[in-house]
Amino acid sequence: MDYLEKQYTKNRKTFKAAPEWFTSIPEDDGFVHTVSTATSRDYQTSISKATVDARKQMAETIEAGVSGLTERVIEETGYGSDSEFIDNFTNTAKIITDKQLALSKITDQQTSDEKSDGIDIYRSWVKLTYD
């Protein structure tokens with residue numbers, strides 16, 4: 001079996017083993033959900049790696065929404081001498097993103113053991129939710 005076939009087989013096994021909440025991410029009004037999976041030879045490290053990636057995705061999602069709002073403000077007020085005023089809005093947008101991310105929480109998490117090239121490892125799946 002060549003390398004690509006081996007990777008394809010691993011990915012199919014991983015997908016089949018994933019919990020339903022991981023493969024069917026809900027689209028609820030007022031909620032943002034992100035999911036991630038990660039592996040490690042250490043149980044807690046696999047959870048931490050998946051959580052960090054889910055938080056990164058959450059930050060990118062929230063920041064994109066805040067940036068869109070900021071761009072509208074720039075278009076409405078971004079003329080000549082108002083540039084300092086626009087900078088204040090940009091800083092506020094960053095603060096809003098940071099605070100929103102702190103309010104997100106892990107709503108689902110699952111860890112299982114598997115083999116990778118004959119070595120026992122842990123795979124964790126994490127779902128992060130922001131309301």
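A biologist and a modeller discuss the fold, the sheet and two residues of this predicted model.

Biologist: In what order do the elements of the protein run from the N terminus on?
Modeller: The protein has 4 helices and 3 strands. The strands do not sit in one block of the chain, as helices come on both sides of a strand. From the N terminus on, the order is α-α-β-α-α-β-β.

Biologist: Which strands are the edge strands of the sheet?
Modeller: The 3 strands form an open sheet, and the pairing is antiparallel. Their order in the sheet is 1-3-2. An edge strand here pairs on one side only. That gives strand 1 (32-40) and strand 2 (105-116).

Biologist: How many bridges join strand 2 to strand 3?
Modeller: Strand 3 covers residues 119-130. Strand 2 and strand 3 run antiparallel. One bridge pair is Thr111 with Ser124, the latter in strand 3. The number of bridges joining the two strands is 11.

Biologist: Is Ser46 buried or exposed?
Modeller: Ser46 is found in helix 3. Its relative accessibility is 0%. The cut-off for buried is under 20%, so Ser46 counts as buried.

Biologist: Which residues is Ser46 in contact with, leaving aside its neighbours within four places in sequence?
Modeller: Thr111 and Ser124 are among them, and these two are bridge partners. Ala38, Thr39 and Ser40 are also in contact with Ser46. The full list is Ala38, Thr39, Ser40, Thr111, Tyr122, Arg123 and Ser124.

Biologist: Is Val52 buried or exposed?
Modeller: Val52 is found in helix 3, residues 43-77. Its relative accessible area is 58%. Exposed means over 50%, so Val52 is exposed.

Biologist: What distance separates the C-alpha atoms of Val52 and Val126?
Modeller: Val52 belongs to helix 3. Val126 is 74 residues away from Val52 along the chain. Their C-alpha atoms are separated by 9.6 Å.

Biologist: Among contacts between residues at least 6 apart in sequence, what share joins residues at least 24 apart?
Modeller: Ser46 in contact with Thr111 shows the kind of pair to look at. The count is taken over the protein, for contacts between residues at least 6 apart. Those joining residues at least 24 apart make up 63%.

Biologist: What share of the exposed area do carbon and sulfur atoms supply?
Modeller: Of the 131 residues, 27% count as buried. The protein exposes about 9000 Å². Carbon and sulfur atoms supply 52% of that area.

Key: Residues numbered from 1 in each chain as written. Predicted model: local features only at pLDDT ≥ 70, side-chain atom pairs only at ≥ 80, totals over all residues. Heavy atoms only, no water. Buried < 20%, exposed > 50% of the residue type's maximum accessible area, 1.4 Å probe, protein only. Contact = heavy atoms within 4.5 Å. Areas by Shrake-Rupley, 256 points an atom, 1.4 Å probe, with all protein chains shown as cover. Pairing = 2+ DSSP bridges.
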